[in-house]
Amino acid sequence: MRKIILSGMRPTGKLHLGHLVGALDNWIKLQEEYQCFFMVADWHALMSEYENTSEISENITDNVLDWLSVGIDPEKSVIFIQSEVPEHLKLYMIFSCLTPLGILERCPTYKEQMREVKMRNLNTYGFLGYPVLQAADILLYKADKVPVGKDQLPHLELTREIARLFNNLYKKDIFPYPDAILTQTPKLLGLDGRKMSKSYLNTINLSDTPELIIKKISTMFTDPKRIKLSDKGHPDTCNVFSYYSTFVPRLNNEVSDWCMKASVGCTECKRLLAGNIISKITPIQQKRAELGKDKDKVRKILDAGREKASSVASQTIEEAFKAMNL
Ligand code: TRP
(Lines give C-alpha, C1' and ligand atoms only; values in the text may rest on other atoms or scores of the structure.)
Protein backbone atom coordinates (compact mmCIF):
# COMPACT_ATOMS: atom_id res chain seq x y z
CA MET A 1 0.00 0.00 0.00
CA ARG A 2 1.38 3.38 -0.99
CA LYS A 3 1.46 6.08 1.64
CA ILE A 4 -1.17 8.74 1.34
CA ILE A 5 -0.73 12.42 0.68
CA LEU A 6 -3.33 15.15 0.77
CA SER A 7 -2.74 18.75 -0.10
CA GLY A 8 -4.91 21.67 -1.05
CA MET A 9 -4.86 25.15 -2.47
CA ARG A 10 -7.38 27.93 -2.00
CA PRO A 11 -8.80 29.22 -5.30
CA THR A 12 -8.30 32.89 -4.54
CA GLY A 13 -6.54 34.01 -7.73
CA LYS A 14 -4.47 33.06 -10.72
CA LEU A 15 -1.52 30.78 -10.07
CA HIS A 16 1.98 32.25 -10.33
CA LEU A 17 5.60 31.10 -10.36
CA GLY A 18 5.60 31.01 -6.56
CA HIS A 19 2.89 28.30 -6.67
CA LEU A 20 4.87 26.43 -9.31
CA VAL A 21 8.17 26.21 -7.44
CA GLY A 22 6.68 26.31 -3.94
CA ALA A 23 4.05 23.61 -4.41
CA LEU A 24 3.22 22.23 -7.84
CA ASP A 25 6.72 21.09 -8.85
CA ASN A 26 6.79 19.20 -5.58
CA TRP A 27 3.34 17.68 -6.10
CA ILE A 28 4.42 16.41 -9.52
CA LYS A 29 7.30 14.51 -7.96
CA LEU A 30 5.27 13.19 -5.04
CA GLN A 31 2.60 11.67 -7.26
CA GLU A 32 5.18 9.14 -8.51
CA GLU A 33 5.68 7.72 -5.05
CA TYR A 34 2.51 8.33 -3.04
CA GLN A 35 -1.22 8.00 -3.48
CA CYS A 36 -1.95 11.71 -3.75
CA PHE A 37 -5.18 13.59 -3.21
CA PHE A 38 -4.99 17.15 -4.54
CA MET A 39 -7.90 19.32 -3.55
CA VAL A 40 -9.21 22.72 -4.53
CA ALA A 41 -10.03 24.15 -1.11
CA ASP A 42 -12.98 26.29 -2.13
CA TRP A 43 -14.64 26.23 1.27
CA HIS A 44 -11.42 27.50 2.78
CA ALA A 45 -11.46 30.28 0.20
CA LEU A 46 -15.00 31.10 1.28
CA MET A 47 -13.96 31.42 4.91
CA SER A 48 -11.84 34.45 4.06
CA GLU A 49 -13.54 35.69 0.86
CA TYR A 50 -17.19 35.36 1.91
CA GLU A 51 -17.77 39.08 1.40
CA ASN A 52 -16.63 38.95 -2.20
CA THR A 53 -17.37 35.58 -3.73
CA SER A 54 -17.53 36.69 -7.36
CA GLU A 55 -14.22 35.15 -8.43
CA ILE A 56 -14.13 31.88 -6.52
CA SER A 57 -15.96 29.84 -9.16
CA GLU A 58 -13.84 31.12 -12.00
CA ASN A 59 -10.64 30.57 -10.04
CA ILE A 60 -11.55 26.94 -9.36
CA THR A 61 -11.59 26.04 -13.07
CA ASP A 62 -8.63 28.26 -13.79
CA ASN A 63 -6.48 26.65 -11.09
CA VAL A 64 -7.43 23.10 -12.07
CA LEU A 65 -6.43 23.87 -15.68
CA ASP A 66 -3.06 25.05 -14.41
CA TRP A 67 -2.58 21.94 -12.27
CA LEU A 68 -3.26 19.69 -15.23
CA SER A 69 -1.08 21.76 -17.54
CA VAL A 70 1.98 21.63 -15.30
CA GLY A 71 1.71 17.86 -15.05
CA ILE A 72 -0.52 16.87 -12.15
CA ASP A 73 -1.68 13.61 -13.67
CA PRO A 74 -5.27 12.45 -13.11
CA GLU A 75 -4.17 8.88 -13.88
CA LYS A 76 -1.90 8.98 -10.86
CA SER A 77 -3.51 11.46 -8.49
CA VAL A 78 -7.02 12.16 -7.31
CA ILE A 79 -7.90 15.74 -8.26
CA PHE A 80 -11.08 17.05 -6.71
CA ILE A 81 -13.02 20.04 -5.44
CA GLN A 82 -13.59 20.16 -1.70
CA SER A 83 -17.20 21.34 -1.90
CA GLU A 84 -18.12 18.41 -4.14
CA VAL A 85 -17.37 15.98 -1.30
CA PRO A 86 -19.76 16.90 1.53
CA GLU A 87 -18.12 14.42 3.92
CA HIS A 88 -15.59 17.18 4.63
CA LEU A 89 -18.37 19.07 6.40
CA LYS A 90 -19.47 16.06 8.41
CA LEU A 91 -16.03 15.49 9.81
CA TYR A 92 -15.54 19.22 10.33
CA MET A 93 -18.72 19.28 12.40
CA ILE A 94 -17.67 16.30 14.51
CA PHE A 95 -14.24 17.82 15.08
CA SER A 96 -15.83 21.15 15.99
CA CYS A 97 -17.56 19.46 18.90
CA LEU A 98 -14.32 18.30 20.47
CA THR A 99 -11.83 21.03 19.55
CA PRO A 100 -11.09 23.26 22.54
CA LEU A 101 -11.61 26.95 21.76
CA GLY A 102 -8.26 27.83 23.31
CA ILE A 103 -6.12 25.97 20.78
CA LEU A 104 -7.87 27.80 17.95
CA GLU A 105 -7.58 31.21 19.59
CA ARG A 106 -3.90 30.63 20.29
CA CYS A 107 -3.12 29.39 16.75
CA PRO A 108 -0.31 31.64 15.39
CA THR A 109 -1.79 31.91 11.89
CA TYR A 110 -5.10 33.02 13.36
CA LYS A 111 -3.50 35.62 15.61
CA GLU A 112 -1.41 36.94 12.74
CA GLN A 113 -4.35 37.25 10.35
CA MET A 114 -6.41 38.97 13.01
CA ARG A 115 -3.61 41.49 13.43
CA GLU A 116 -2.62 41.94 9.78
CA VAL A 117 -5.74 41.62 7.66
CA LYS A 118 -7.54 44.94 7.63
CA MET A 119 -9.43 44.84 4.33
CA ARG A 120 -11.73 41.98 5.27
CA ASN A 121 -13.72 41.18 8.34
CA LEU A 122 -12.32 37.89 9.59
CA ASN A 123 -13.64 38.26 13.08
CA THR A 124 -16.06 35.39 12.51
CA TYR A 125 -16.94 32.01 13.93
CA GLY A 126 -16.08 30.38 10.57
CA PHE A 127 -12.62 31.86 10.28
CA LEU A 128 -11.69 30.75 13.80
CA GLY A 129 -12.59 27.22 12.68
CA TYR A 130 -10.45 27.33 9.54
CA PRO A 131 -7.86 24.83 10.87
CA VAL A 132 -10.63 22.48 12.02
CA LEU A 133 -11.84 22.17 8.43
CA GLN A 134 -8.25 21.67 7.32
CA ALA A 135 -7.86 18.86 9.87
CA ALA A 136 -11.01 17.28 8.46
CA ASP A 137 -9.61 17.53 4.91
CA ILE A 138 -6.44 15.74 5.92
CA LEU A 139 -7.85 13.12 8.27
CA LEU A 140 -10.78 12.19 6.03
CA TYR A 141 -8.23 10.54 3.73
CA LYS A 142 -6.05 9.35 6.62
CA ALA A 143 -3.12 11.13 5.01
CA ASP A 144 0.36 10.20 6.21
CA LYS A 145 2.01 13.29 4.76
CA VAL A 146 0.90 16.79 3.88
CA PRO A 147 3.07 18.93 1.58
CA VAL A 148 2.67 22.53 2.71
CA GLY A 149 4.58 25.74 3.21
CA LYS A 150 6.15 26.55 6.57
CA ASP A 151 3.31 28.92 7.40
CA GLN A 152 0.95 25.94 7.59
CA LEU A 153 2.87 24.03 10.28
CA PRO A 154 0.60 25.21 13.10
CA HIS A 155 -2.37 23.77 11.21
CA LEU A 156 -0.69 20.39 11.04
CA GLU A 157 0.05 20.53 14.73
CA LEU A 158 -3.66 21.18 15.30
CA THR A 159 -4.56 18.34 12.95
CA ARG A 160 -2.53 15.90 15.04
CA GLU A 161 -4.02 17.30 18.23
CA ILE A 162 -7.56 16.84 16.92
CA ALA A 163 -6.77 13.29 15.77
CA ARG A 164 -5.43 12.54 19.25
CA LEU A 165 -8.50 14.01 20.94
CA PHE A 166 -10.84 11.93 18.79
CA ASN A 167 -8.90 8.69 19.10
CA ASN A 168 -8.62 9.06 22.89
CA LEU A 169 -12.20 10.10 23.47
CA TYR A 170 -13.77 7.32 21.42
CA LYS A 171 -11.09 4.76 22.22
CA LYS A 172 -10.45 3.80 18.61
CA ASP A 173 -7.32 4.41 16.56
CA ILE A 174 -9.10 5.74 13.53
CA PHE A 175 -7.01 8.76 12.64
CA PRO A 176 -3.27 8.95 11.90
CA TYR A 177 -0.91 11.73 13.05
CA PRO A 178 0.25 13.22 9.75
CA ASP A 179 3.52 15.06 9.17
CA ALA A 180 4.28 17.98 6.92
CA ILE A 181 6.53 17.70 3.89
CA LEU A 182 8.22 21.05 3.51
CA THR A 183 9.34 22.15 0.05
CA GLN A 184 13.09 22.25 -0.46
CA THR A 185 13.18 25.27 -2.77
CA PRO A 186 13.76 28.53 -0.95
CA LYS A 187 10.86 30.92 -1.21
CA LEU A 188 10.62 32.69 -4.55
CA LEU A 189 10.42 36.41 -3.98
CA GLY A 190 8.18 38.69 -6.00
CA LEU A 191 9.35 41.18 -8.61
CA ASP A 192 9.85 43.81 -5.90
CA GLY A 193 11.75 41.54 -3.51
CA ARG A 194 8.81 41.01 -1.14
CA LYS A 195 7.02 37.66 -0.84
CA MET A 196 5.40 36.80 -4.20
CA SER A 197 1.72 37.47 -3.69
CA LYS A 198 -1.23 38.59 -5.75
CA SER A 199 -2.02 41.25 -3.16
CA TYR A 200 1.40 42.86 -3.67
CA LEU A 201 0.98 42.94 -7.48
CA ASN A 202 4.46 41.46 -7.81
CA THR A 203 3.73 38.09 -9.42
CA ILE A 204 4.59 36.43 -12.70
CA ASN A 205 1.51 34.38 -13.49
CA LEU A 206 1.55 31.05 -15.28
CA SER A 207 -0.86 32.65 -17.76
CA ASP A 208 1.21 35.78 -18.49
CA THR A 209 2.09 36.40 -22.15
CA PRO A 210 5.77 36.48 -23.20
CA GLU A 211 5.54 40.26 -23.72
CA LEU A 212 4.22 40.75 -20.22
CA ILE A 213 6.90 38.51 -18.73
CA ILE A 214 9.64 40.51 -20.46
CA LYS A 215 8.08 43.72 -19.22
CA LYS A 216 7.66 42.49 -15.66
CA ILE A 217 11.20 41.13 -15.41
CA SER A 218 12.61 44.38 -16.73
CA THR A 219 11.15 46.12 -13.66
CA MET A 220 12.84 43.78 -11.18
CA PHE A 221 15.15 45.24 -8.57
CA THR A 222 18.75 44.11 -8.94
CA ASP A 223 21.80 44.59 -6.73
CA PRO A 224 21.32 48.09 -5.28
CA LYS A 225 25.09 48.60 -5.20
CA ARG A 226 25.38 48.14 -8.94
CA ILE A 227 24.38 51.48 -10.41
CA LYS A 228 26.56 51.84 -13.47
CA LEU A 229 27.28 49.09 -15.98
CA SER A 230 30.93 49.12 -14.90
CA ASP A 231 30.09 48.61 -11.19
CA LYS A 232 30.83 45.08 -10.05
CA GLY A 233 27.69 43.26 -8.90
CA HIS A 234 26.87 40.98 -5.96
CA PRO A 235 24.81 38.04 -7.19
CA ASP A 236 24.04 36.72 -3.70
CA THR A 237 22.05 39.84 -2.87
CA CYS A 238 20.37 40.13 -6.27
CA ASN A 239 16.78 38.93 -6.70
CA VAL A 240 17.31 38.39 -10.44
CA PHE A 241 20.17 36.04 -9.64
CA SER A 242 17.97 34.08 -7.24
CA TYR A 243 15.57 33.52 -10.15
CA TYR A 244 18.45 32.06 -12.16
CA SER A 245 19.19 29.69 -9.29
CA THR A 246 15.58 28.54 -9.24
CA PHE A 247 14.79 28.39 -12.95
CA VAL A 248 18.10 28.09 -14.84
CA PRO A 249 20.63 26.69 -12.36
CA ARG A 250 22.84 25.51 -15.25
CA LEU A 251 23.69 29.17 -15.93
CA ASN A 252 24.48 29.99 -12.30
CA ASN A 253 28.26 30.07 -12.63
CA GLU A 254 28.30 31.96 -15.86
CA VAL A 255 25.84 34.58 -14.69
CA SER A 256 27.50 35.21 -11.36
CA ASP A 257 30.81 35.52 -13.18
CA TRP A 258 29.47 38.22 -15.52
CA CYS A 259 27.88 40.04 -12.70
CA MET A 260 30.93 40.07 -10.42
CA LYS A 261 33.21 41.10 -13.28
CA ALA A 262 30.68 43.62 -14.60
CA SER A 263 31.04 42.15 -18.07
CA VAL A 264 27.31 41.99 -18.74
CA GLY A 265 24.75 44.56 -17.65
CA CYS A 266 21.58 44.01 -15.67
CA THR A 267 19.33 44.75 -18.65
CA GLU A 268 20.92 42.01 -20.70
CA CYS A 269 20.91 39.65 -17.73
CA LYS A 270 17.18 40.20 -17.24
CA ARG A 271 16.47 39.70 -20.94
CA LEU A 272 18.17 36.32 -20.85
CA LEU A 273 16.27 35.36 -17.69
CA ALA A 274 12.96 36.36 -19.29
CA GLY A 275 13.75 34.17 -22.30
CA ASN A 276 14.41 31.18 -20.06
CA ILE A 277 11.27 31.68 -18.01
CA ILE A 278 9.22 32.04 -21.18
CA SER A 279 10.56 28.73 -22.48
CA LYS A 280 9.60 27.09 -19.20
CA ILE A 281 6.08 28.51 -19.27
CA THR A 282 5.30 28.15 -22.99
CA PRO A 283 4.69 24.38 -22.99
CA ILE A 284 2.48 24.80 -19.92
CA GLN A 285 0.44 27.42 -21.73
CA GLN A 286 0.16 25.30 -24.86
CA LYS A 287 -1.19 22.39 -22.86
CA ARG A 288 -3.54 24.76 -21.10
CA ALA A 289 -4.90 26.14 -24.36
CA GLU A 290 -5.57 22.59 -25.54
CA LEU A 291 -7.33 21.58 -22.32
CA GLY A 292 -9.25 24.84 -22.29
CA LYS A 293 -10.90 23.79 -25.55
CA ASP A 294 -12.02 20.52 -24.02
CA LYS A 295 -14.15 21.55 -21.04
CA ASP A 296 -15.84 18.14 -21.05
CA LYS A 297 -12.55 16.41 -20.45
CA VAL A 298 -11.76 18.60 -17.46
CA ARG A 299 -15.24 18.03 -16.05
CA LYS A 300 -14.78 14.28 -16.46
CA ILE A 301 -11.47 14.41 -14.62
CA LEU A 302 -13.12 16.25 -11.74
CA ASP A 303 -16.08 13.85 -11.72
CA ALA A 304 -13.74 10.89 -11.49
CA GLY A 305 -11.78 12.67 -8.74
CA ARG A 306 -14.95 13.33 -6.78
CA GLU A 307 -15.98 9.66 -7.04
CA LYS A 308 -12.63 8.39 -5.80
CA ALA A 309 -12.42 10.96 -3.02
CA SER A 310 -16.02 10.28 -1.95
CA SER A 311 -15.53 6.56 -1.66
CA VAL A 312 -12.60 7.00 0.74
CA ALA A 313 -14.30 9.84 2.59
CA SER A 314 -17.59 8.05 3.17
CA GLN A 315 -15.78 5.03 4.56
CA THR A 316 -13.92 7.19 7.09
CA ILE A 317 -17.16 8.88 8.13
CA GLU A 318 -18.77 5.50 8.65
CA GLU A 319 -15.90 4.42 10.88
CA ALA A 320 -16.04 7.65 12.86
CA PHE A 321 -19.80 7.42 13.39
CA LYS A 322 -19.47 3.84 14.50
CA ALA A 323 -16.76 4.72 17.01
CA MET A 324 -19.09 7.38 18.37
CA ASN A 325 -22.03 4.95 18.56
CA LEU A 326 -24.04 7.09 16.19
N1 TRP B 1 -4.76 26.24 4.39
C2 TRP B 1 -4.07 25.88 3.18
C3 TRP B 1 -3.39 27.16 2.63
O4 TRP B 1 -3.84 28.23 2.86
C5 TRP B 1 -4.98 25.30 2.13
C6 TRP B 1 -5.55 23.99 2.57
C7 TRP B 1 -6.84 23.70 2.87
C8 TRP B 1 -4.81 22.79 2.79
N9 TRP B 1 -6.98 22.42 3.24
C10 TRP B 1 -5.75 21.82 3.21
C11 TRP B 1 -3.46 22.46 2.66
C12 TRP B 1 -5.36 20.54 3.53
C13 TRP B 1 -3.07 21.16 3.00
C14 TRP B 1 -4.01 20.21 3.42
O15 TRP B 1 -2.44 27.04 1.90
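**Exercise 1. Decide whether Asn325 is buried or exposed, then place it and describe its phi.**

Step 1. Asn325 has a relative accessible area of 71%. The cut-off for exposed is over 50%, so Asn325 is exposed. This is a predicted model.

Step 2. Asn325 sits in the segment after helix H14 (295-323).

Step 3. Its phi is near 60°, a positive value in a residue other than glycine. Most residues other than glycine have a negative phi.

**Exercise 2. Do the same for Lys171: where does it lie, and is it buried or exposed?**

Step 1. Find the loop between helix H9 (153-169) and strand E5 (179-182); Lys171 lies there.

Step 2. Relative accessibility is 69% for Lys171, so this residue counts as exposed.

Step 3. Check the backbone. Phi of Lys171 is near 50°, again positive in a residue other than glycine.

**Exercise 3. Classify Asp231 as buried or exposed, and find the backbone nitrogen that its side chain approaches.**

Step 1. Locate Asp231 in the loop between helix H10 (210-218) and helix H11 (239-247).

Step 2. Buried means under 20%. Asp231 has 19% relative accessibility, so it counts as buried.

Step 3. A polar atom of the Asp231 side chain lies 2.8 Å from the backbone nitrogen of Lys228.

**Exercise 4. Work out which residues come nearest to the ligand and which element gives the most to its shell.**

Step 1. There are 14 residues around the ligand. Arg10, Tyr130, Gln134, Asp137 and Gln152 come nearest.

Step 2. Look at polar atoms. An N or O atom in the Tyr130 side chain is 2.7 Å from a ligand nitrogen. For the side chain of Asp137, the distance from an N or O atom to a ligand nitrogen is 2.7 Å. For Gln134, a polar side-chain atom lies 3.0 Å from a nitrogen atom of the ligand.

Step 3. Turn to cover. On its own the ligand has 370 Å² of accessible area, and the protein covers 88% of it.

Step 4. Assign elements. Strand E1 (4-9), helix H8 (130-140) and strand E4 (145-148) each give two or more residues to the shell. H8 gives the most, with four residues.

Step 5. Sort the shell by type: seven residues are nonpolar, five polar and two charged.

**Exercise 5. Describe the span of helix H13 and find where it kinks.**

Step 1. H13 covers residues 266-293, which is 28 residues. From first C-alpha to last it reaches 40 Å, close to the 40 Å expected at 1.5 Å a residue.

Step 2. A kink of about 30° lies at Ile281, shortly before the proline Pro283.

Step 3. Ile281 is one of the buried residues of H13. Others in that list include Leu273, Ile277, Ile284 and Arg288.

Conventions: Residues numbered from 1 in each chain as written. Predicted model: local features only at pLDDT ≥ 70, side-chain atom pairs only at ≥ 80, totals over all residues. Heavy atoms only, no water. Near = heavy atom within 4 Å. Polar contact = N/O pair within 3.5 Å; in protein donor to acceptor, adjacent residues only side chain to side chain. Areas by Shrake-Rupley, 256 points an atom, 1.4 Å probe, with all protein chains shown as cover. Nonpolar A, V, L, I, M, F, W, Y, C, P; charged D, E, K, R; others polar. Expected span 1.5 Å × (residues − 1). Bend = angle between axes of the 7 residues up to and from the residue. Buried < 20%, exposed > 50% of the residue type's maximum accessible area, 1.4 Å probe, protein only.
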